[in-house]
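Student: I am new to this structure. Can we go through how its labels are earned?
Tutor: Yes. Take a look, then ask.

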Amino acid sequence: TLRKPISQSSMADWASKNLNMHTQGIFRRRISISNMLSWNGGSIKKPMLITSNRTIKKEACEMFKLVQSYMGDRQTRMDRNHVALVTVTKCWSMQGLRDELYIQLIRQTTDNTCYRSLAWGWELMAISLAFFSPSPKFQSYLEGYIYRHLDSDENIAQRIKELVDLKNKKNSKSRKKRKQNTEDEGLPISTYAKYCYRKLQKVAVTGGKKGLRKPTVEEITHARNAIVTPSLFGSSLEEIMLRQQDMYPGNKLPWVQTQLSQQVLALGGEQTEGIFRIPGDIDEVNALKLQVDQWRIPSSLSDPNIPASLLKLWYRELEEPVIPQQFYKECISNYENPDAAVAVVQLLPELNRLVLCYLIHFLQIFAQPSNVGRTKMDVNNLAMVMAPNCLRCQSDDPRIIFENTRKEMSFLRMLIVHLDTSFIKGLV
């Protein structure tokens, strides 16, 4: 379900307090907020947002040119992939530029009479959200803007027609006009908006790309492709199974789940101290994630902590947790009752039940005394690190979260100790 975003009046109020009002003409008249937030074919001489940082002031103006270049409104020798890479890297490295990029994209996708340019602006927003989130104070504004485009395709087409007609009247004597493109090239704007809305919700929690390695062209391409082809990470179990239907039609479990689990074991994970507790190198995990999303497992892996970390990430990023939200109360109510805990598993939808049973079967391997001696990860430790990836507390109250965390761990421990998963052997 979509949260109701801030109202139009609240957005206008935010803009009036945070926009760095520009001027024009020899009398330096202030440009109105509506003009400040409408497509601009020229350059800007100062940032869109108020800032005292000199570096941000300089970089913001250069970044506006990059945005125009990506959208096809400014000529450049760079290809669009490279333009996106430079733009994203600037903002990923410099936190103060992130809100500036998003407000520039809002401006350039408002009252834009060229459909192709408009679509590319939304595309750049979608790519950017794969790498970094806006600041908390700007998130609600961006969310409100995106929300208003979720079902706006007819309105956009009508608005473009009105603006084009208006411009043609004004420029009827002039032959020099901006090339118009009102045809539906590529995806509808609502497709970008829906993707951006979901991506914004997630990146606000996860914080975007981590690690020390800068973004790469491969990651840019992957982020663009994810708009149309859902990633294996962050999707629902049903979407993932649908996506693998062509490649693995007989599989009853997600390919990504079974492959990463088998990799952990193949690399000796059940004999590795601190497995699932000690994180793998974040840049290596990111690199593996990129390959897994292309249905590839590299043969060069040597550290079991890398697939183990990515496996945890896959469970954690599922759109809905393995144990769906409607069963949460039942889980934490039966955290001390083995029979009741096992009974909850039998109530789950078939796909969720199989995925959870595969995970428990996998953890039961690590819980064997012969392996615990090496890993130092007994059943309590395993439950502690994996419970947050299977159950999600919806409360904002720190006391409830703290209390439920203990119950979540205990519930998962019950399953590792008491759930019969023998039927899962050989299942893929």
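Student: Why is R243 called partly exposed?
Tutor: This is a predicted model, and R243 has a relative accessible area of 24%. Partly exposed runs between under 20% and over 50%, so R243 falls in that class.

Student: What makes R243 and D293 a salt bridge?
Tutor: The closest N and O atoms are 3.6 Å apart. The cut-off is within 4 Å, so the pair counts. D293 sits in the loop between α13 and α14, and R243 in helix α11, 50 residues apart.

Student: Is D293 buried or exposed?
Tutor: Buried: the relative accessible area of D293 is 4%, and the limit is under 20%.

Student: Why do E123 and R224 tie together distant parts?
Tutor: E123 lies in helix α6 and R224 in helix α10, so the pair joins parts 101 residues apart in sequence. Their salt bridge spans 3.2 Å, N to O. E123, at 9%, counts as buried. R224, at 17%, is buried too.

Student: What makes E319 and K202 a salt bridge?
Tutor: Their closest N and O atoms are 3.9 Å apart. That is within 4 Å, so the label holds. E319 lies in the loop between α14 and α15, and K202 in helix α9. E319 is partly exposed at 36%, and K202 is partly exposed at 29%.

Student: Which residues form one network through shared partners?
Tutor: R198, K202, E239 and E319.

Student: How do you know that α9 has close to its expected reach?
Tutor: Helix α9 has 18 residues and reaches 25 Å, against 26 Å expected at 1.5 Å a residue.

Note on methods: Residues numbered from 1 in each chain as written. Predicted model: local features only at pLDDT ≥ 70, side-chain atom pairs only at ≥ 80, totals over all residues. Heavy atoms only, no water. Helix = DSSP H or I, 4+ residues; strand = E, 2+ residues; numbered from the N terminus. Expected span 1.5 Å × (residues − 1). Salt bridge = Lys/Arg side-chain N within 4 Å of Asp/Glu carboxyl O. Buried < 20%, exposed > 50% of the residue type's maximum accessible area, 1.4 Å probe, protein only.
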